[in-house]
Amino acid sequence: MERLTSPPRLMIVSDLDHTMVDHHDPENLSLLRFNSLWEHAYRHDSFLVFSTGRSPTLYKELRKEKPLLTPDITIMSVGTEITYGNSMVPDHGWVDTLNHKWDLGIVKEEACKFSELKLQAETEQRPHKVSFYVDKSKAQEVTKELSQRFEKRGLDVKIIYSGGMDLDILPQGAGKGQALAYLLKKLKTEGKLPVNTLACGDSGNDAELFSIPDVYGVMVSNAQEELLKWHAENAIDNPKVIHAKERCASGIIEAIGHFKLGPNLSPRDVSDFLECKTENVNPGHEVVKFFLFYERWRRGEVENCEAYTASLKASCHPSGVFVHPSGAEKSLRDTIDELRKYHGDKQGKKFRVWADQVLATDTTPGTWIVKLDKWEQSGEERRCCTTTVKFTSKEGEGLVWEHVQQTWSKESEVKDDSSWII
């Protein structure tokens, strides 16, 4: 939250499963398209918020399975938990809000009287959320009866049915919508109310997100029947909520363009990296572009031609240095030369590269330090290096790579110095 000193240009609040993450996309291409757009154009002045029904345990599992970026804020367990930053620091003010007219013991006692309800895994039972599975044909009847029982016992609870099978019992003040409203109010108090907010979802527990005033909304093309039904009954005339033509993360990119919230051309959609330019000096963009080229080079998706390597070498300072995770130092230009022998070595294989948390600091006039996490996935193995790049620029000459240093990230599953190139 302290990263920005002024209101964020854009805040994206997105559900994960079947919204940001397409589980029918084995190559994760729509997610990777979004990742490169976010890191290239938005990370430096915007907030990314993940709002998921998953518990912290299942959220962390998803992060190990999919190339998810690191959000600024995470809303989990259907809006009952809000945390901040990499360390996922909890929002204690939100916890206090949810305790009003809530008794976990009574909720479990009453719900367990219904044979139609099957308790979900222990990881999904949280201090302010009790979760069950229920057959679609029984959901409405059970929800009505449960609500009456809770009311008789003095509780003020909310029951959310989503995904055609999930039934979540929460405090009345909880939910994805209320969590977002709380967050916006908090940001406004701190003088950081986003200029624009885009909410993204696919199922019933996302409906509340689209009810928050002054928030844009996108239902991805693969949105479930329950959300489309809610939209038809409650927001069909709201021009700020659209049903995208594209699936999942691609639908989010579509909405950015539809509402004119900022750039919507992902660097992954530019076929020639030599043509992938920005109007202003943007060292973060240079890093995203380079690692995208690196992926395509090793996948054999760009031609093995002198123009590419010559362009890369020309952008490196003659005495530029690369510090390998092993600690070994090499010339930057020699490292580019070494890349030649790896052209197409990952062709036809599951090999993807993405940059996360790309943040550039203007240290002195004409000098930038860019820090990021550079991820590689090869087959089922994932590796991550914390990367620091020093750029300099002179008028008319563009950005020059002067120094690159990489160290293994704590999140890296494999730390194999011998097969790591850059």
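Biologist: What should the 17 residues of α9 span, and how far apart are its end C-alpha atoms?

Modeller: The expected span of a helix is 1.5 Å times one less than its number of residues, so the 17 residues of α9 should cover 24 Å. The end C-alpha atoms are 25 Å apart, which agrees. Please keep in mind that this is a predicted model, in which local features need pLDDT of at least 70 and side-chain atom pairs count only at pLDDT 80 or more, while totals for chains, interfaces and linings use all residues. Residues are numbered from 1 along each chain as its sequence is written, and side-chain values use heavy atoms, with hydrogens and water left out.

Biologist: What makes a stretch a helix or a strand here?

Modeller: Both are DSSP runs, numbered from the N terminus: helices are H or I with at least four residues, and strands are E with at least two. At the start of helix α9, a side-chain oxygen of N282 comes to within 3.1 Å of the backbone nitrogen of G284. After α9 comes G300, with a positive phi near 70°.

Biologist: How many residues of α9 are buried?

Modeller: Of its 17 residues, 16 are buried, which leaves α9 mostly covered. Buried means under 20% relative accessible area, exposed means over 50%, and partly exposed is in between (1.4 Å probe, protein chains only).

Biologist: What makes two rings a pair, and how many aromatic pairs does the rule give?

Modeller: Rings of Phe, Tyr and Trp (its six-membered ring) pair if their centres lie within 6.5 Å; planes under 30 degrees apart are stacked, over 60 edge-to-face, and the rest tilted. This rule gives 13 aromatic pairs. One of them joins F210 and W230, with 6.3 Å between centres and 40° between planes, and it is tilted. It links distant parts of the chain, 20 residues apart: F210 is in the loop between β10 (196-201) and β11 (216-219), and W230 is in helix α7 (residues 225-234).

Biologist: Why are F210 and W230 called buried or exposed?

Modeller: F210 has a relative accessible area of 4%, so it is buried. W230 has 18%, which is under the 20% limit, so W230 is buried too.

Biologist: Why is the pair of F293 and W297 called stacked, edge-to-face or tilted?

Modeller: The ring centres are 5.5 Å apart, within the 6.5 Å limit, and the planes stand at 40°, so the pair is tilted. F293 and W297 both belong to α9 (residues 283-299), 4 residues apart, or about one turn of the helix. F293 is buried at 2%, and W297 is buried at 0%.

Biologist: What makes a charge sit over a ring?

Modeller: NZ of Lys or CZ of Arg must be within 6 Å of the ring centre and within 35 degrees of the ring normal. K374 has its charged end over the ring of W420, 4.1 Å from the centre. R382 lies over the face of W375, at 5.0 Å from the ring centre.

Biologist: What is the phi of N28, and what is that of D214?

Modeller: Most residues other than glycine have a negative phi. N28, not a glycine, has a positive phi of about 55°, and D214 has a positive value near 65°.

Biologist: Why are N28 and D214 called buried or exposed?

Modeller: N28 has 7% relative accessibility, so it counts as buried. D214, at 64%, is over the 50% limit and is therefore exposed. N28 lies in the loop between β1 (10-14) and α1 (29-41), whereas D214 lies in the loop between β10 and β11.

Note on methods:
A polar contact is a pair of N or O atoms within 3.5 Å; within protein, one must be able to donate a hydrogen and the other to accept it, and residues adjacent in sequence count only if both atoms are side-chain atoms.
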